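Here is a short briefing on a sheet, the helices packed on it, and one arginine. Keep the sequence and the 3D view open while you read.

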Amino acid sequence: MDVRQSQRSVDLDYEAFRTVMGSLASGVAVVTTRTPDGEPHGLTCSAVCSVSADPPLLLACIRTPSRTLDVLRESGVFAVNFLDARAREISQRFSGREQDKFGGIPWHRSARGVPVLDRVLAHAECSTRQLIEAGDHVVVIGLLVGGDVDRSRLPLGYWRGSYMQVYR
């Protein structure tokens with residue numbers, strides 16, 4: 001790559017970066033974890049993708065600072081809850097700074113004790129494999145150790161700052 005091209009990308013301002021990256025439609029997920037005594041924590045995350053099939057790895061990018069990230073670091077386990085098309089309010093709740101994000105939200109504990117939301121089309125239970133500092137985020141790489149899929153549901157999407165629905 002030409003050094004001048006590299007320098008120009010560094011000069012990109014925050015809003016231009018968000019506009020460019022917001023042009024990629026993504027699914028919406030809530031990353032959940034728990035303290036050693038079982039207290040649930042979670043946050044909305046649209047930066048989630050698969051990494052490897054063998055071994056089965058995924059990644060989630062979490063902005064710092066984050067109490068949920070602190071708990072995840074301590075517990076070493078988390079779930080990625082892929083929200084269904086009717087879970088817009090859940091996404092909004094978990095993207096805020098509310099203390100009791102789980103209050104009034106239907107959820108259960110997995111066999112491994114990780115909080116799993118009920119309004120999902122799929123969830124992946126993970127053990128933390130690696131944490132990578134990357135700018136103002138931490139890339140959390142997880143080894144999938146369990147999960148489930150509800151094929152009757154459609155995903156909630158996010159594109160250019162707004163929620164969207166995916167149709168068949």
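**Sheet, helices and a buried arginine**

Strand 4 and strand 5 (residues 56-63) run antiparallel and are joined by five bridges. One pairing to find is V48, whose bridge partner in strand 5 is A60. This is a predicted model.

**The sheet**
- Seven strands make up an open sheet, with antiparallel pairing. Their order is 3-2-6-9-10-5-4.
- Strand 3 (40-45) and strand 4 (48-53) are the edge strands. Each of them pairs on one side only.
- From one strand to the next, the twist averages 35°.

**Helices on the sheet**
- Helix 3 (residues 67-75) packs on the sheet. Helix 3 touches strand 2, strand 3, strand 5, strand 6 (77-83), strand 9 (120-134) and strand 10 (137-149). The direction of helix 3 makes about 50° with that of strand 2.
- Helix 4 (residues 88-95) also packs on the sheet, where it touches strand 2, strand 3 and strand 6. The direction of helix 4 makes about 110° with that of strand 3.

**R34**
- R34 lies in strand 2 (residues 29-34).
- R34 is buried but has no salt bridge. The nearest side chain of opposite charge belongs to D37, 8.2 Å away.
- The R34 side chain does reach backbone oxygens: that of G113 at 3.2 Å and that of R112 at 3.4 Å.
- Leaving out residues up to four places away in sequence, R34 touches E39, P40, V71, S75, V77, R112, G113, V114 and P115.

Conventions: Residues numbered from 1 in each chain as written. Predicted model: local features only at pLDDT ≥ 70, side-chain atom pairs only at ≥ 80, totals over all residues. Heavy atoms only, no water. Helix = DSSP H or I, 4+ residues; strand = E, 2+ residues; numbered from the N terminus. Buried < 20%, exposed > 50% of the residue type's maximum accessible area, 1.4 Å probe, protein only. Lys, Arg positive; Asp, Glu negative; His and termini not counted. Salt bridge = Lys/Arg side-chain N within 4 Å of Asp/Glu carboxyl O. Polar contact = N/O pair within 3.5 Å; in protein donor to acceptor, adjacent residues only side chain to side chain. Contact = heavy atoms within 4.5 Å. Pairing = 2+ DSSP bridges. Axes fitted to C-alpha atoms, helices over the stretch in contact; angles between N-to-C directions.
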